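Colleague: Got a minute? I'd like to go through this model with you, salt bridges to begin with and pockets after that.

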Amino acid sequence: MSRIISLNKIDSTNNYAQQHFHSLPDCTLITAEEQTGGKGRNGKSWFSPQNSNLYASYIIKDINFMPYKASWIGGLAALQTINNILNISNSWLKWPNDVYINNKKIAGILCETSSNSENKISGVIIGIGINVNMTTEDLDGIDKPATSILAETGKSKCIKVIGKQLHTNLNLIYNKVLKQGINSIFNEWKDANKLIGKQIEVLLDNKKLINVKVIDIENTGKLIVIDSEANISSIYSGDVSIKNFT
Ligand code: BTN
């Protein structure tokens with residue numbers, strides 16, 4: 001049975017999901033009002049003040065696809081949830097899975113695998129942070145341009161209600177994946193990524209900074225790029241920023 005576990009204060013909802021993974025049913029969503037050790041991608045921390053934002057982790061156990069593709073489910077569900085609330089169309093996914101409104105980040109996804117005692121992957125935890133009631137003052141303290149639902153609309157929203165909507169969207173997308181396979185959501189995920197044709201700067205995992213133009217996104221999740229000397233290459237992971245956002 002799919003359910004939501006609401007916690008007050010925890011280090012990280014992803015850590016809680018990891019610790020209780022085997023006893024929790026498929027499709028459980030864990031939320032917390034505050035995280036004391038919120039985790040972002042690439043070892044960064046995720047600013048998680050009390051009752052400001054949505055901090056949630058979704059458990060999926062039935063995976064017959066490469067675990068990194070689970071982030072497509074999280075990215076699309078977060079995007080749909082934000083779109084429903086804001087009733088907008090200028091939101092998009094920045095590869096691999098940040099949700100942006102114009103050139104500001106409003107949500108991030110951190111997927112982690114869970115393994116059983118034989119070290120075999122038994123599922124994925126999809127961690128989702130959505131900036132809901134964060135004030136412009138707090139947003140200014142974040143290292144990259146960021147926004148929140150409050151900053152976009154001038155109105156604060158009930159975080160619990162957004163958590164329920166996110167859970168519904170996650171369940172709908174995951175059910176589709178269970179019935180039709182993960183590739184059934186690839187085109188939607190790819191279309192939501194507005195990077196194709198854009199000139200980008202990528203900080204690669206080896207800390208090298210490159211300037212390239214995006215020509216495609218493969219269904220392996222790789223970004224296909226071309227440099228100024230017409231060399232084509234693919235990027236599996238890295239921190240992307242768009243040179244001239246329009
Ligand atoms: C990123 O963009 O760097 C990913 C951010 C993911 C944050 C969420 S908040 C809920 C879950 N618990 C965590 O510790 N992190 C994720």
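Colleague: Which residue forms a salt bridge with Lys144?

Modeller: That's Asp239, and the closest N and O atoms are 2.6 Å apart. Keep in mind that this is a predicted model.

Colleague: Where do those two sit in the chain?

Modeller: In distant parts of it: Asp239 is in strand β12, while Lys144 is in the loop between α3 and α4, 95 residues apart.

Colleague: And what is the relative accessibility of Asp239?

Modeller: It's 22%, so Asp239 counts as partly exposed. Buried would need under 20%. Lys144 is partly exposed too, with a relative accessible area of 34%.

Colleague: OK. How many salt bridges does the structure hold?

Modeller: Seven. One of them pairs Lys190 with Asp216, with 2.8 Å between the closest N and O atoms. Lys190 lies in helix α6 and Asp216 in strand β9, so this pair ties together parts that are 26 residues apart in sequence. Asp216 is partly exposed, because its relative accessibility is 28%.

Colleague: What about Lys105 and Asp98, buried or exposed?

Modeller: Both are buried. Their side chains meet in a salt bridge at 3.0 Å, N to O. Lys105 and Asp98 also belong to a salt-bridge network, linked with Arg41 and Lys94.

Colleague: Switching to pockets. What volume does the largest pocket have?

Modeller: About 650 Å³. It's lined by 35 residues, and the closest to its centre are Gly40, Arg41, Ser45, Trp46 and Lys105. So Arg41 and Lys105 from that network turn up here as well.

Colleague: Which element gives the largest share of that lining?

Modeller: β6, with four residues. Other elements that supply at least two residues each include α1, β3 and β12.

Colleague: How do the lining residues divide by type?

Modeller: Into twelve nonpolar, 14 polar and nine charged.

Colleague: And the second largest pocket, what's its volume?

Modeller: About 490 Å³. Of its 22 lining residues, Arg41, Tyr68, Ser71, Pro96 and Ser237 are the closest to the centre. Arg41 is on the list for the largest pocket too.

Colleague: Which element gives the most to this one?

Modeller: β6 again, with five residues. α2 also supplies at least two.

Colleague: How many charged residues are in that lining?

Modeller: Three, alongside eleven nonpolar and eight polar.

Technical notes: Residues are numbered from 1 along each chain as its sequence is written. This is a predicted model: local features need pLDDT of at least 70, side-chain atom pairs count only at pLDDT 80 or more; totals for chains, interfaces and linings use all residues. Side-chain values use heavy atoms; hydrogens and water are left out. On a 1 Å grid over the protein atoms alone, a cavity is a set of points where a 1.4 Å probe fits but cannot get out, and a pocket is an open set with protein on both sides within 12 Å along at least five of seven lines; lining residues have an atom within 4 Å of a point. Grid points are joined across faces, edges and corners, and a volume is the space filled by probe spheres set on the points. Ala, Val, Leu, Ile, Met, Phe, Trp, Tyr, Cys and Pro count as nonpolar, Asp, Glu, Lys and Arg as charged, and the others, Gly among them, as polar. A salt bridge is a side-chain nitrogen of Lys or Arg within 4 Å of a carboxyl oxygen of Asp or Glu. Buried means under 20% relative accessible area, exposed over 50%, partly exposed in between (1.4 Å probe, protein chains only).
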